[in-house]
Amino acid sequence: MAGAGMKEIKTRIASVENTKQITKAMELVSSSKFRRAKEKAESSKAYFNTLKEAVENIAKSTSGVKSEFLKQREVKNRCYVVIAGDRGLAGGYNANVFKALAAETQGSKNVKVVTIGKKAKEFVSKRDFEVIGSIPSVENANYEDIMNISKTVMDSYQNGDIDEVKLIYTEFVSALSQEPRLVKLLPISIEANKGEEKKQSGAAVQYLPSADAVLGFIVPKYVSGMIYGGLAESYASEQAARRTAMESATDNANEMISNLELQYNRARQAAVTQEISEIVAGASSAQ
């Protein structure tokens, strides 16, 4: 019986060792990808923020602009651009994005979705959403893919097929913290606080040929830039979350192996003790 127990424990140790090798390898791969993704996210954030500020400043500093991108409509059809991961094993990374989407669309009808990432497409395909565009991979997505998706969204908005566009992505805060974010892309809403109003110059800004024309030119770039920035942030967040999850899994595997080795040593000691007792008992009976 003791021998059978020892064999079972050795098999479990070998199994956990194999799992540990996989999680360690995934941790190293994610660490490598994370460094590159973090640099890309940080370099794109300046463009991301500047573009947003430029659009807001045009809308704030001009009066009488009648752009369709500023006009607030009655919202009948919503569109969500959802960015999730290509794979799982990243802690709550994907689940948090999907919770945000589910909470936002609860009770809503006529919901249209643009998916970026394999997991986003899998999640949306099981719901009653209309998919109007998709990028299959976050890791392999390029700016041309983003431009095509942005054009699809812009055309649908201008044609009146959708009345509101929101972006759901994961903001990279730090290597240990990633938070899901929901940003309204269209129509553009300006919320200037008092501090910003005080900083504004009294001189009017002129836009040539007109503020409407400048806004019409920059808004498509604003939409694609925001989506691209969200993609870069999400990819860095995914790699950071996966690295943390795999590091934790590796630590847990080490702890399990330590406990199993302790159980194996105890079982071996019990087997040796039992064998000695049987030998002594056999010798006593022979006398």
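**Close-up views of a predicted model**

**View 1. Asp155 and Lys151 stand four residues apart in helix H4, and this places about one helical turn between them.** The structure shown here and in the following views is a predicted model. A salt bridge joins Asp155 to Lys151, with 2.9 Å between the closest N and O atoms. Asp155 is partly exposed, its relative accessible area being 29%. Lys151, in contrast, is exposed, with a value of 51%. Side chains of opposite charge can form such pairs when their charged atoms come close.

**View 2. The buried residues of helix H4 lie on the same side of the helix.** Helix H4 consists of 16 residues and extends 22 Å from its first C-alpha to its last, which is close to the 22 Å expected at 1.5 Å a residue. Its buried residues are Ile146, Ile149, Ser150, Val153, Met154, Ser156 and Tyr157. These residues span an arc of only 160° around the axis, and therefore they share one side of H4. On the face turned away from this buried side are the exposed residues Glu144 and Lys151.

**View 3. Asn142 and Gly160 are found at the two ends of helix H4.** At the start of the helix, a side-chain oxygen of Asn142 comes to within 3.1 Å of the backbone nitrogen of Glu144. Just after the helix, Gly160 adopts a positive phi of about 85°.

**View 4. A salt bridge links Lys184 in strand E5 with Glu164 in strand E4.** The N to O distance between the two side chains is 3.7 Å. The pair connects distant parts of the chain, as Lys184 and Glu164 are 20 residues apart. Lys184 is partly exposed, with a relative accessible area of 25%, whereas Glu164 is buried, with a value of 9%. Both residues also belong to a network of salt bridges that includes Arg78, Glu104 and Lys166.

**View 5. Arg181 and Glu179 form a salt bridge between two partly exposed side chains.** Their side chains meet at 2.6 Å, N to O. The relative accessible area is 32% for Arg181 and 31% for Glu179. This pair is one of 15 salt bridges in the structure.

**View 6. The largest nonpolar core of the model contains 45 residues.** Ile116, Val165, Leu185 and Leu186 have the most contacts inside this core. At least two core residues come from each of helices H1 (2-61), H4 (143-158) and H6 (211-286), and likewise from each of strands E1 (78-83), E2 (111-116), E4 (164-174) and E5 (177-186). Helix H6 provides the largest share, 13 residues. A second, separate core also has 13 residues, among them Val82, Ala84, Val124 and Ile168.

**View 7. Ile116 is surrounded by contacts from other parts of the chain.** When neighbours within four places in sequence are left aside, Ile116 is in contact with Val81, Val82, Ile83, Ala84, Ile135, Val138, Ile146, Ile227 and Leu231. Of these partners, Ile146 is also one of the buried residues of H4.

**View 8. Glu238, a residue of helix H6, is buried.** Its relative accessibility is 1%, and because a residue under 20% is classed as buried, Glu238 falls within that class. Apart from neighbours within four places in sequence, Glu238 is in contact with Gly85, Asp86, Arg87, Ala90 and Tyr93.

Technical notes
Residues numbered from 1 in each chain as written. Predicted model: local features only at pLDDT ≥ 70, side-chain atom pairs only at ≥ 80, totals over all residues. Heavy atoms only, no water. Core = buried A, V, L, I, M, F, W, Y, C linked by side-chain atoms within 4.5 Å. Buried < 20%, exposed > 50% of the residue type's maximum accessible area, 1.4 Å probe, protein only. Contact = heavy atoms within 4.5 Å. Salt bridge = Lys/Arg side-chain N within 4 Å of Asp/Glu carboxyl O. Expected span 1.5 Å × (residues − 1). Arc of directions from axis to C-beta. Polar contact = N/O pair within 3.5 Å; in protein donor to acceptor, adjacent residues only side chain to side chain.
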